[in-house]
Amino acid sequence: MPRKWIKLDCYGRLHGSMSYQLTEAEQSIWDKLLCLAGLCDQGGKIGDNGGKPFPLSHIAHEIHTNEKLLQGTIGKCVEEGRLTEKPDGLYI
């Protein structure tokens with residue numbers, strides 16, 4: 001069953017490296033990616049149940065953002081080790 005809530009480290013979220021590595025808009029996208037991963041209910045994977053990644057357009061639609069901001073945020077998060085891109089999806 002998909003998660004209805006996720007835990008966040010409040011101190012880390014406010015004072016951690018993300019506060020200077022990501023813009024406010026990118027931080028919002030990160031939070032929404034965490035929520036989407038919870039709804040996917042696949043151990044931190046964002047992708048479909050058939051083992052395929054979601055297209056960026058689908059993820060952008062689901063989290064109510066544009067593809068450019070999403071792609072930039074994913075790129076930064078991959079560089080910083082927050083996300084991993086694999087053939088079957090994104091992993092938190």
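Buried means under 20% relative accessible area, exposed means over 50%, and partly exposed covers what lies in between (1.4 Å probe, protein chains only). This is a predicted model, in which local features need pLDDT of at least 70, side-chain atom pairs count only at pLDDT 80 or more, and totals for chains, interfaces and linings use all residues. Residues are numbered from 1 along each chain as its sequence is written, and side-chain values use heavy atoms, with hydrogens and water left out.

**Exercise 1. Work out where R13 sits and what its side chain meets.**

Step 1. Start with the secondary structure: R13 is in helix α1. Helices here are DSSP runs (H or I, at least four residues), strands are E runs of at least two, and both are numbered from the N terminus.

Step 2. Next, check the accessibility. R13 has a relative accessible area of 17%, so it is buried.

Step 3. Now list the contacts (heavy atoms within 4.5 Å). Beyond neighbours within four places in sequence, R13 touches M18, Q27, S28 and D31.

Step 4. Look for polar contacts, which are pairs of N or O atoms within 3.5 Å; within protein, one must be able to donate a hydrogen and the other to accept it, and residues adjacent in sequence count only if both atoms are side-chain atoms. The R13 side chain has one with the side chain of Q27 at 3.2 Å, and another with the side chain of D31 at 2.9 Å.

**Exercise 2. Find the salt bridges and say which parts of the chain they tie together.**

Step 1. Apply the rule: a side-chain nitrogen of Lys or Arg within 4 Å of a carboxyl oxygen of Asp or Glu. The count comes to three salt bridges.

Step 2. Take R13 and D31, whose side chains meet with an N to O distance of 2.9 Å. Because R13 belongs to helix α1 (residues 10-15) and D31 to helix α3 (residues 24-40), this pair ties together parts 18 residues apart in sequence. D31 is partly exposed, at 25% relative accessible area.

Step 3. Move on to E26 and K76, with their closest N and O atoms 2.9 Å apart. E26 is in helix α3 and K76 in helix α5 (residues 67-79), so the bridge ties together parts 50 residues apart in sequence. E26 is buried at 9% relative accessibility, while K76 is partly exposed at 30%.

Step 4. Finish with D88 and K45, a salt bridge of 3.8 Å from N to O. Since D88 is in the loop between β2 (84-86) and β3, and K45 is in strand β1 (residues 45-46), the pair ties together parts 43 residues apart in sequence. D88 counts as partly exposed at 22%, and K45 as buried at 5%.

**Exercise 3. Describe the surroundings of I92.**

Step 1. Place the residue: I92 is in the segment after β3 (89-91).

Step 2. Is I92 buried or exposed, or does it fall in between? Its relative accessibility is 39%, so I92 counts as partly exposed.

Step 3. Leaving out neighbours within four places in sequence, I92 is in contact with W30, L33, L34, A37, G44, I46, R82 and L83.

Step 4. Pick W30 from that list: its C-alpha atom is 9.7 Å from that of I92, although the two residues are 62 apart along the chain.

**Exercise 4. Which residue lies over the face of Y91?**

Step 1. Use the criterion: NZ of Lys or CZ of Arg within 6 Å of the ring centre and within 35 degrees of the ring normal.

Step 2. K86 is the residue, at 4.7 Å from the ring centre of Y91.
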